[in-house]
Amino acid sequence: MAVTDTDEPTRRDFLYIATGSFTAIGGAFLVWPLIDQMNPDASALALASIEVDLSSIEVGQSMTVKWRGKPVFIRRRSAEEIEAARAVPLSDLIDPEARNDNLPEGSPANDQNRAPAGKEEWLIMVGICTHLGCVPKGQGMSDKKGDFGGWFCPCHGSHYDTAGRIRKGPAPQNLEVPVLTFLSDTKIKIG
Amino acid sequence: MSEDHTYQPSNAFTRWLDERLPIMGIVDHMMGYPTPKNINYWWTFGGILSFCLVAQIVTGVILAMHYTPHVSMAFNSIEHIMRDVNYGHLLRYAHANGASMFFIAVYIHMFRGLYYGSYKAPREVLWILGVVIFLLMMAAGFMGYVLPWGQMSFWGATVITNLFSAIPYVGEAIRELLWGGFSVDNPTLNRFFSLHYLIPFIIAGVVILHIWALHVPGNNNPLGINVKDKQDTVPFHPYMTAKDGFALVLFLILFSYFVFFNPNAMGHPDNYIEANPLVTPAHIVPEWYYLPFYAILRAVPDKLGGVVAMFGAIAVLFVLPWLDTSKVRSARFRPMYRQFFFIFVACCMGLGYLGAMPAEGIYVIASRILTVYYFAHFLIILPVLGMVEKPKPLPESISKAVLDAHGGSASANTAAAPEKR
Ligand code: HEM
Ligand code: FES
């Protein structure tokens, strides 16, 4: 700083601070492109939606499809599975939110809010554990399904129930339900 | 100490150079750098680490000449290196096992520092720079392991990058920034390759600072007492160069055993299966050198809590110089600390074992106990010990202790006396 005896800020002080601020703001503008280039690029953002034919899936069977590089679990649930999921009081849930991208945020995680309206047989979710991103077991007929009969993530031991809700283990959230539309009774569009 | 030496250029060329770039003075300082004459073989790991860094850079730059950082070709380009490139398998095995050897050396180097109190004043900055190097090594090792694009590469990358999503508010954004997409994919592989190439050179820079910070106070030593005069030291060359060289040869024998006879012993067979984003291997484990930290991560039954504990386990090392309240450096004169040191080593090994086990039943309980102990060692035991422990009397000087131990008479002519251990 300029050496002066007066307490009054001098013209030089002003110029000094103005130059410094100008440089700092300019520097920030310069850094932004260097960071933002790391964010998902146009080709990653332009990921199309996919259409899936459900006609080959029997009750009690599952199918995994790939969407945006991630697995999507499609399960045609049995009546017992639906019943088991409905019998769970909301107060037993670790994550009380539906995590359904088709519903407003904060909807409660009851079974009706997890499965598509009027098609509760179908449970369609992104098959990525909300802990650290492994793909839980439970799609295959012989897989471990965990303590709640849904899915089990072997990476750090998260148990999901028959509505894909987290019930035990380190995962903080229910499996995500992606945006989806039924094009016909046996055809869906994800995304 | 560094002031003891004033470099005198010996011929016309070096005089000319010295006036323009006084680099010979640095070389001269390094050669004549006075080292305590009682330092033992635990002190040779600094030199071994320097060797490891150079070896990784040399083998790595060569591998990069044959490797392709693209999701559709990365896995095959590794097989191409292994099968087609002349000596490719050797270079790859040297680089992969070199990483493990690097970590073996750094862990020994760090435990040496813990045992002899090398982190205490006036070496705090030296220690902190060491922890920075350690963090950078972990980052480099992690990103390097992703490059072969095997199943462990992919799922290791997925789990570790997802750690960042635990950060409140900005976590998801950071994760997307790391991925360059919505999952680990080609953009991720590309940037990891770029950063994996860069980080070792940053490490090299920090090593220069580390050694600079070493040469200001000088080496610690097994007695942990300060150097008093010239009699306590010997010049780095030829004494330490010879000793470090000998230790390096022993280290290289072990290194060669792995490279030539057991190159996949420290790797994981699942990494010879190409990455598949739809199937997680039944049991994912990180490389052995991350296992203790992985065990801490899994010990906490909460996502954010686990991540905080894991990073905290390293962060606590940064403040270690201020947690240890004892003025005495070396564990030789701290009978209680010495015992707690060995318990701590066992605790770290135990965590390493548990990190490799499935996260179920007794293993989880054991990990929790050891995690609590790990932090208690730094946050409770060390501060309290300094106050309650009665250290043994310290020797007057390094020279005196050496001579007493070997029953010799005081001789000023250290250079002529054969080195005794
Ligand atoms: C690439 C990694 C590293 C290299 C190349 C390196 C190199 C060296 C060298 C050459 C020395 C002097 C010789 C010796 O005392 O062993 C040294 C000393 C030291 N290093 Fe490192 N180091 C590395 C990592 C670390 C790490 C991770 C730590 C601890 C967190 C650390 C802590 C220390 C301390 C405390 C000393 C002083 C030892 C003493 O004089 O007692 N270093 N290092
Ligand atoms: S990633 Fe599923 S439990 Fe950790």
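This report covers the ligand shell, the cavities, the aromatic pairs and some backbone features of the structure above.

The model is predicted: local features need pLDDT of at least 70, side-chain atom pairs count only at pLDDT 80 or more, and totals for chains, interfaces and linings use all residues. Residues are numbered from 1 along each chain as its sequence is written, chains are lettered from A and ligands numbered from 1 in the order in which they are written, and side-chain values use heavy atoms, with hydrogens and water left out.

## Ligand 1

The shell around ligand 1 holds 22 residues. A residue is near the ligand if one of its heavy atoms lies within 4 Å of it. The closest are B:Trp43, B:His109, B:Ser118, B:Gly130 and B:His210.

Three polar contacts can be named; the term means a pair of N or O atoms within 3.5 Å, and within protein one must be able to donate a hydrogen and the other to accept it, while residues adjacent in sequence count only if both atoms are side-chain atoms.

| Ligand 1 atom | Partner | Distance |
|---|---|---|
| oxygen | B:Trp43, polar backbone atom | 3.0 Å |
| nitrogen | B:His109, side-chain N or O atom | 2.6 Å |
| oxygen | B:Asn219, side-chain N or O atom | 3.4 Å |

Four helices of chain B each supply at least two shell residues: H3 (45-64), H5 (88-116), H6 (124-146) and H9 (186-215). Helices (H or I, at least four residues) and strands (E, at least two) are DSSP runs, numbered from the N terminus. H6(B) gives the most, with 6 residues. By class, the shell has 12 nonpolar, 9 polar and 1 charged residues. Here Ala, Val, Leu, Ile, Met, Phe, Trp, Tyr, Cys and Pro count as nonpolar, Asp, Glu, Lys and Arg as charged, and the others, Gly among them, as polar.

## Cavities

The whole structure contains 3 cavities of 30 Å³ or more. A cavity is a set of points, on a 1 Å grid over the protein atoms alone, where a 1.4 Å probe fits but cannot get out; lining residues have an atom within 4 Å of a point. Points are joined across faces, edges and corners, and the volume is the space filled by probe spheres set on them.

The largest cavity holds about 860 Å³. It is lined by 41 residues, and the closest to its centre are B:His95, B:Ala96, B:Gly144, B:Tyr145 and B:His196. In chain B, H3, helix H4 (74-83), H5, H6 and H9 each give two or more residues to this lining. H5(B) has the largest share, 9 residues. The lining has 27 nonpolar, 12 polar and 2 charged residues.

The second largest cavity holds about 40 Å³. Its lining consists of B:Arg298, B:Leu354, B:Pro358, B:Ala359, B:Tyr363, B:Val364 and B:Ser367. Helix H14 (residues 361-388) of chain B gives the most to it, with 3 residues. By class, 5 are nonpolar, 1 is polar and 1 is charged.

## Aromatic pairs

Over all chains there are 35 aromatic pairs. Rings of Phe, Tyr and Trp (its six-membered ring) pair if their centres lie within 6.5 Å; planes under 30 degrees apart count as stacked, over 60 as edge-to-face and the rest as tilted. B:Phe111 and B:Phe344 are edge-to-face because their planes stand at 65°, with the ring centres 6.3 Å apart. This pair joins helix H5 to helix H13 (residues 335-356) of chain B, and its members are 233 residues apart. B:Phe344 is buried at 3% relative accessibility. Buried means under 20% relative accessible area, exposed over 50%, and partly exposed in between (1.4 Å probe, protein chains only).

B:Trp288 and B:Tyr289 are also edge-to-face, at 5.4 Å centre to centre and 75° between the planes. B:Trp288 is partly exposed at 27%, whereas B:Tyr289 is buried at 2%.

Ring pairs also build a cluster, whose members include B:Trp43, B:Phe111, B:Tyr115 and B:Phe344.

## Backbone features

Most residues other than glycine have a negative phi, and most peptide bonds are trans. B:Ala121 and B:Pro122 are joined by a cis peptide bond, with omega about 5°. B:Pro122 lies in the loop between H5 and H6 of chain B. The bond from B:His237 to B:Pro238 is cis too, with omega near 10°. B:Pro238 sits in helix H10 of chain B.

A:Arg99 is not a glycine, yet has a positive phi of about 55°. A:Arg99 is partly exposed at 26%. B:Trp149 has a positive phi of about 55° as well, and is buried at 5%.

Definitions and conventions. On a 1 Å grid over the protein atoms alone, a cavity is a set of points where a 1.4 Å probe fits but cannot get out, and a pocket is an open set with protein on both sides within 12 Å along at least five of seven lines; lining residues have an atom within 4 Å of a point.
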